[in-house]
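Student: I have a protein model open and I'm not sure how to read it. Could you walk me through some features with me asking the questions?

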Amino acid sequence: MKLEIHQSWWAMTGLGNGTREWTLEEKFESIAEAGFSGILGQLPEPAEADTWRRLLDEYGFSFGVQAVPFPKLGDDLTPYFARAKAFGVQYVNAQILHPYLEGQPAADFVAGFIRQAAEAGLPFFVETHRGRITQDLRRTAQLVEALPQLRLTIDFSHYVVGEGMDRAVADETAEGYLQTLLTRASSIHARISNGHQVQVDVGEDASHPAVQPFLRWWRSGMANWRRTASAGDVFPFVCELGPPAYAITHGVSREEASDRWKQALVLKRLGEQAWAEA
């Protein structure tokens, strides 16, 4: 079992050399030179599939995909999972829509996608994301309790900002819910919130006060996963710093206030640290 550090393809949006955005090939080269082992992206459209397959193989990247469009009530993901399996993806990540569904109807809804992924033979992770069926801590903890097969992609930036945890400090009740979710961690999306903005610059030395709570949560999730993982299993840690409007920008210029690529490398280092300490 091992850690893999992936870069989010969405997080590569707009990145470049200062005068233009990198080409697809340049983005692959930059990700490889930085030491990432894979990419979280979207399943390529048929016209782009050969190019993506060639580049993934050339750089030896593993590849996880975000289910797009986001699954909703009434969807059957069986054809999507079949395409993903045929393309050779490592796992499927999903932000499931319908933020106001809860209780048994929500559990039944999610269980259907878990079953379809299992039938396809694909690891399937539900992302903890606001505005989705995982809207808040309480409802997501209820899903965990109802669904023994549910595996999560942990992104606590959504709960830290959504529930107003100043400097990522959770009270006793919130911490209990967070720890419940961490028992099902199978992947992590690395983004750090200060409780007011969903994504903040933590400094090149990672000295921001919100870093330590996130590191502690990441270590806990990784340690929980390692207790039950089998030989050959992989834990994807995805650096997922979004472009504007996730990224904070200066007023009129709309220029990003942070160097998103350098911050991705800081998160990569923190992920490696968390794994070593777990």
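Student: Let's start with a pairing. In β8, which residue is the bridge partner of His 189?

Tutor: That's Val 238. Keep in mind as we go that this is a predicted model. His 189 belongs to a pairing of two strands: β7 (residues 185–190) is joined to β8 by three bridges, and the two run parallel.

Student: How does the chain cross from β7 to β8?

Tutor: Through helix α8, residues 211–228. That makes a β-α-β crossover, and this one is right-handed.

Student: Which strand other than β7 pairs with β8?

Tutor: Strand β1, residues 2–8, pairs with β8 in the parallel sense over six bridges. For one example, look at Gln 7, whose bridge partner in β8 is Cys 239.

Student: And what about β6 and β7, how many bridges are there?

Tutor: Three, again in the parallel sense, with β6 covering residues 152–154. Find Thr 153 and you can look across to Ser 187, its bridge partner in β7.

Student: In what order do the strands close into a barrel?

Tutor: Follow the numbers: β1-β2-β3-β4-β5-β6-β7-β8, eight strands with parallel pairing. Neighbouring strands of this sheet are turned by 30 degrees against each other on average, ignoring direction.

Student: Is β8 enclosed or open, and how do I tell?

Tutor: Check how many of its residues are buried, which here means under 20% relative accessible area. In β8 (residues 234–239) six of the six residues are buried, so the strand is largely enclosed by the rest of the structure.

Student: Which residues of β8 point which way?

Tutor: Val 234, Pro 236 and Val 238 point one way, while Phe 235, Phe 237 and Cys 239 point the other. Both sets are buried.

Student: Now helices. At what angle do α7 and α8 pack?

Tutor: About 35 degrees, and their axes are 9 Å apart. Helix α7 covers residues 172–182. On the α7 side, the contact is made by Glu 175, Leu 178, Gln 179 and Leu 182. From α8 come Arg 216, Trp 217, Ser 220, Gly 221 and Asn 224.

Student: What kinds of residues make up that contact of α7 with α8?

Tutor: It's a mix: three are nonpolar, four polar and two charged.

Student: How do I describe a pair of aromatic rings?

Tutor: You give the distance of the centres and the angle of the planes. A search of the whole structure finds 23 aromatic pairs. Take Trp 9 and Phe 28: they are 5.4 Å centre to centre with 55 degrees between the planes, a tilted pair.

Student: What does the pair of Trp 9 and Phe 28 tie together?

Tutor: Trp 9 lies in the loop between β1 and α1 (24–33), and Phe 28 lies in helix α1 itself, so the pair ties together parts that are 19 residues apart in sequence. Trp 9 and Phe 28 are both buried.

Student: How are the rings of Tyr 59 and Phe 61 arranged?

Tutor: Their centres are 5.7 Å apart and their planes sit at 20 degrees, so this pair is stacked. Tyr 59 is partly exposed at 27% relative accessibility, whereas Phe 61 is buried at 7%.

Student: Which residues form the aromatic cluster?

Tutor: Trp 9, Phe 28, Trp 52, Tyr 59, Phe 61, Phe 63 and Phe 87 form one cluster.

Student: Last topic, the backbone. Where should I look for a cis peptide bond?

Tutor: Try the one joining Val 68 and Pro 69, where omega is about 0 degrees. Pro 69 is in the loop between β3 (62–66) and α3 (78–87). Then look at the bond from Pro 244 to Ala 245, which is cis with omega near 15 degrees. Ala 245 sits in the loop between β8 and α9 (260–277).

Student: What about phi of His 98?

Tutor: It's near 85 degrees, a positive value in a residue other than glycine. His 98 lies in the loop between β4 (91–94) and α4 (103–120), and with a relative accessible area of 29% His 98 is partly exposed.

Student: And is Ala 206 buried or exposed?

Tutor: Buried, at 10% relative accessibility. Ala 206 is in the loop between β7 and α8, and its phi is positive too, near 55 degrees.

Key: Residues are numbered from 1 along each chain as its sequence is written. This is a predicted model: local features need pLDDT of at least 70, side-chain atom pairs count only at pLDDT 80 or more; totals for chains, interfaces and linings use all residues. Side-chain values use heavy atoms; hydrogens and water are left out. Buried means under 20% relative accessible area, exposed over 50%, partly exposed in between (1.4 Å probe, protein chains only). Helices (H or I, at least four residues) and strands (E, at least two) are DSSP runs, numbered from the N terminus. Two strands pair if DSSP finds at least two bridges between them. A crossover is right-handed if, with the strands pointing away from the viewer, the path from the first strand over the helix to the second runs clockwise. Axes are lines fitted to C-alpha atoms, for helices over the stretch in contact, and angles run from 0 to 180 degrees between N-to-C directions. Contact means heavy atoms within 4.5 Å. Ala, Val, Leu, Ile, Met, Phe, Trp, Tyr, Cys and Pro count as nonpolar, Asp, Glu, Lys and Arg as charged, and the others, Gly among them, as polar. Rings of Phe, Tyr and Trp (its six-membered ring) pair if their centres lie within 6.5 Å; planes under 30 degrees apart count as stacked, over 60 as edge-to-face and the rest as tilted.
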